[in-house]
Amino acid sequence: MLTAPSIFARALRRSPWVFHVGTSGCNNCDIEIADCLTPRFDVERFGIRLVGSPRHADLMLISGPVSRACREVLQQAWLDMPRPRAAVCVGVCACSMGAYRDAYSVAGPPDTVIREVDPAAKFVYVPGCPPKPEAIIAGIVRLLGEL
Ligand code: SF4
């Protein structure tokens, strides 16, 4: 018999809602994320839906390193998400800072910034500059398997 938590977990794996945060990269990763929604890749056929509020999201897609200006905004958006929650770091800048490493205006990579407020946060990393939409979709699917 299915229990309430198992029903919830099954629903999450089959229909995750995703909130996108661009934390100050060059915006090319953001364009690839938008490509996932086009008819060519049609991410909604997997039940994956982009939502406009972290309060409605199961997963967060993060592109770019975290600027000092974005730090608290990202942390608050993360805390606003219901549990279980997890994030996909899209692009080498979100994975390991990329070209922005050692920049004066950058607070750190998203995983480091979020773990300051939630040490148990889960991440999947999709490298590339920018990664292809197929890789971003594969990253989301992989993350769902870990929840
Ligand atoms: S990984 Fe490349 S494409 Fe993505 S934000 Fe960084 S520089 Fe831009």
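Which helices each supply at least two residues of the lining of the largest pocket? In this predicted model, they are helix 2, residues 28–35, and helix 4, residues 92–96. I will come back to that pocket after the sheet.

The sheet, then. Five strands make it up, the sheet is open, and the order across it is 2-1-3-5-7. The pairing is parallel. At the edges are strand 2, residues 49–50, and strand 7, residues 122–126, and each of them pairs on one side only. Inside that order, take strand 3, residues 59–63, and strand 5, residues 86–90: they run parallel and are joined by five bridges. To find one of these bridges on the screen, go to Leu59, whose partner in strand 5 is Ala86.

Two helices that pack on the sheet are next. Helix 2 touches strand 1, residues 17–22, along with strand 3 and strand 5. The direction of helix 2 makes about 140 degrees with that of strand 3. Helix 3, residues 71–80, also packs on the sheet, and its contacts are with strand 1, strand 3, strand 5 and strand 7. For helix 3, the angle to the direction of strand 3 is about 165 degrees.

Now the empty space. Rolling a probe the size of a water molecule over the atoms shows where such space is left. The largest pocket has a volume of about 180 Å³. Its lining consists of 18 residues, and those nearest the centre are Gly25, Cys26, Cys29, Cys93 and Cys129. Helix 2 gives the largest share of that lining, three residues. Sorted by class, the pocket lining has nine nonpolar residues, eight polar and one charged.

How many cavities of 30 Å³ or more does the structure hold? The count is one. The volume of the largest cavity is about 80 Å³. Among the residues lining the cavity are Val18, Ile33, Leu61 and Ile140. Strand 2 and helix 6, residues 133–146, are the elements giving two or more residues to this lining. By class, the cavity lining has 10 nonpolar residues, no polar ones and one charged. Arg49 is on the list of lining residues too.

On to salt bridges. A search of the whole structure finds three. One of them is between Arg55 and Asp80, where the closest N and O atoms are 3.8 Å apart. This pair links distant parts of the chain: Arg55 sits in the loop between strand 2 and strand 3, Asp80 sits in helix 3, and the two are 25 residues apart.

Last, some backbone details. Where are the cis peptide bonds to look at? One runs from Arg83 to Pro84, with omega near -5 degrees. Pro84 belongs to the loop between helix 3 and strand 5. Another cis bond joins Cys129 and Pro130, with omega about -5 degrees. Pro130 lies in the loop between strand 7 and helix 6. Cys129 has already come up, as one of the residues nearest the centre of the largest pocket.

The other backbone item is Ser24. Ser24 is not a glycine, yet its phi is positive, at about 105 degrees. You will find Ser24 in the loop between strand 1 and helix 2.

To recap: an open sheet of five strands with parallel pairing, helix 2 and helix 3 packed on that sheet, and a largest pocket lined by 18 residues. That is where I will stop.

How values were computed
Residues are numbered from 1 along each chain as its sequence is written. This is a predicted model: local features need pLDDT of at least 70, side-chain atom pairs count only at pLDDT 80 or more; totals for chains, interfaces and linings use all residues. Side-chain values use heavy atoms; hydrogens and water are left out. On a 1 Å grid over the protein atoms alone, a cavity is a set of points where a 1.4 Å probe fits but cannot get out, and a pocket is an open set with protein on both sides within 12 Å along at least five of seven lines; lining residues have an atom within 4 Å of a point. Grid points are joined across faces, edges and corners, and a volume is the space filled by probe spheres set on the points. Helices (H or I, at least four residues) and strands (E, at least two) are DSSP runs, numbered from the N terminus. Ala, Val, Leu, Ile, Met, Phe, Trp, Tyr, Cys and Pro count as nonpolar, Asp, Glu, Lys and Arg as charged, and the others, Gly among them, as polar. Two strands pair if DSSP finds at least two bridges between them. Contact means heavy atoms within 4.5 Å. Axes are lines fitted to C-alpha atoms, for helices over the stretch in contact, and angles run from 0 to 180 degrees between N-to-C directions. A salt bridge is a side-chain nitrogen of Lys or Arg within 4 Å of a carboxyl oxygen of Asp or Glu.
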